Amino acid sequence: MGLLDDKVVLVNGGSQGVGAAVARAAVREGALVAVTGRRPEPGEALAAELTEAGGKAVFVRADLADAGQATASVAETVAAYGRVDCLVNSAGLTSRGTLLDTTPELFDQHVAINLRAPFFAMQAAVADMLAREAPGSIVNVISTSAHGGQPYLAPYVAAKAGLAGLTRNAAHAHRFDRIRINGLNIGWTATEGEDATQKAFHGAGDDWREQAAARLPMGRLGQPDEIADFVVFLLSERSGVVTGSVIDWDQNVLGGLD
């Protein structure tokens, strides 16, 4: 018996990084999975990989910067499987900007991906659950930067902090509907997207992971598969009645001082 046997799980932003790891973990635990992404090549390749491994997965092409496509991702998952039991919002934009140099256009891009897309995906998923009078579970992948973050992450922090608040608000609103909504504030994680970000914005070399790991308490960055296992646990009934929790998944302790 898997933790997500016969559950339909939609992973928005699921074609690479943490989202792809969540999709793999969910299939391993018995789920039927849909993953979204802007580029068909990695998304279709992942769906094929999971299907060939004996699972069931489909790719839904979606640009989540468009609220209509975020909503449609749920509709296409329902068309494929008949319902949505679980939703994971793992898409994220991490381009840099400070309070002084962020343009309205950059600010809007962060809000669109990091806040508006999860809002409307949750809206559609909860509507499907309510129509069926069925319980459900949602996990939003947020960031420890939602607590404040670095100066060069101003628009990112604004949007992710909004997502943390939204997570609690939606969880409170739908607790009597048996729809559990939780969030993970993840720390520095070794993903394809982080590799591109470090090289594009910080001039990092190919050894940036090793240099970063040497400065961290546990001597390594967080790994997508570790986060994925935690997400699957929160989606599953094994996490009990927990809802409205925004959990710091990191090796640095908020408020701790040396």
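This passage describes selected secondary-structure, burial and side-chain features of a predicted model.

Strand β2, comprising residues 32–37, and strand β3, comprising residues 56–61, run parallel and are joined by six bridges. Within this pairing, valine 35 has phenylalanine 59 of β3 as its bridge partner. Together with helix α2, which spans residues 40–52, the strands β2 and β3 form a β-α-β unit of right-handed sense.

Helix α2 contributes two glutamates to the present analysis. Glutamate 44 is located in helix α2 and is classed as partly exposed because its relative accessibility is 48%. Its C-alpha atom lies 21 Å from that of glycine 82, the two residues being 38 positions apart along the chain. Glutamate 49, with a relative accessible area of 34%, is likewise partly exposed, and its side chain forms a salt bridge with that of arginine 24 at an N to O distance of 2.8 Å. Since glutamate 49 belongs to helix α2 and arginine 24 to helix α1 (residues 17–28), the pair ties together parts that are 25 residues apart in sequence. Arginine 24 is itself partly exposed, its relative accessible area being 35%.

Across the whole structure, eight salt bridges were found. One of them links aspartate 206 to lysine 199, with the closest N and O atoms 2.9 Å apart. Aspartate 206 is exposed at 63% relative accessibility, whereas lysine 199 is partly exposed at 35%. Elsewhere, Asp6, Arg83 and Asp85 are joined into one network by salt bridges that share partners.

Within that network, arginine 83 occupies the loop between α3 and β4, the latter covering residues 86–89. The side chains of arginine 83 and aspartate 85 meet in a salt bridge with an N to O distance of 2.9 Å, and a polar contact of 2.9 Å also joins these two side chains. Aspartate 85 is classed as buried because its relative accessibility is 8%, which falls under the 20% cut-off. The side chain of arginine 83 additionally reaches the backbone oxygen of aspartate 6, at 2.5 Å. When neighbours within four places in sequence are left aside, the contacts of arginine 83 comprise Asp6, Lys7, Val8, Thr77, Val78, Asp128 and Arg132. The C-alpha atom of arginine 83 is 10 Å from that of alanine 131, a residue 48 positions away along the chain.

Aspartate 6, the other acidic member of the network, is found in the segment before β1 (8–12). With a relative accessible area of 51%, aspartate 6 is exposed, the cut-off for this class being over 50%. The backbone of aspartate 6 adopts a positive phi of about 65°, although the residue is not a glycine. Most residues other than glycine have a negative phi. A positive phi, near 65°, also occurs at arginine 178, again a residue other than glycine. Arginine 178 lies in the loop between α5 and β6 (179–186) and is partly exposed, with a relative accessible area of 48%.

Two buried polar or charged side chains were examined further. Serine 73, in helix α3 (residues 67–81), has a relative accessible area of 0% and is therefore buried. Its side chain makes a polar contact of 3.4 Å with the side chain of asparagine 12. Apart from neighbours within four places in sequence, serine 73 is in contact with Leu10, Asn12, Thr36 and Val60; asparagine 12 thus appears both as a contact and as the polar partner of serine 73.

Lysine 160, situated in helix α5 (residues 154–173), is buried but takes part in no salt bridge. The nearest side chain of opposite charge, that of glutamate 194, is 11 Å from lysine 160, and the 4 Å limit for a salt bridge is therefore not met. The side chain of lysine 160 instead reaches the backbone oxygen of valine 141, at a distance of 3.1 Å. Excluding residues up to four places away in sequence, lysine 160 touches Ala91, Asn114, Val141, Ile142, Ser143 and Ala146. Valine 141 is thus among the contacts of lysine 160 and also supplies the backbone oxygen reached by the lysine side chain.

Notes
Residues are numbered from 1 along each chain as its sequence is written. This is a predicted model: local features need pLDDT of at least 70, side-chain atom pairs count only at pLDDT 80 or more; totals for chains, interfaces and linings use all residues. Side-chain values use heavy atoms; hydrogens and water are left out. Two strands pair if DSSP finds at least two bridges between them. Helices (H or I, at least four residues) and strands (E, at least two) are DSSP runs, numbered from the N terminus. A crossover is right-handed if, with the strands pointing away from the viewer, the path from the first strand over the helix to the second runs clockwise. Buried means under 20% relative accessible area, exposed over 50%, partly exposed in between (1.4 Å probe, protein chains only). Lys and Arg count as positive and Asp and Glu as negative; His and the chain ends are not counted. A polar contact is a pair of N or O atoms within 3.5 Å; within protein, one must be able to donate a hydrogen and the other to accept it, and residues adjacent in sequence count only if both atoms are side-chain atoms. Contact means heavy atoms within 4.5 Å.
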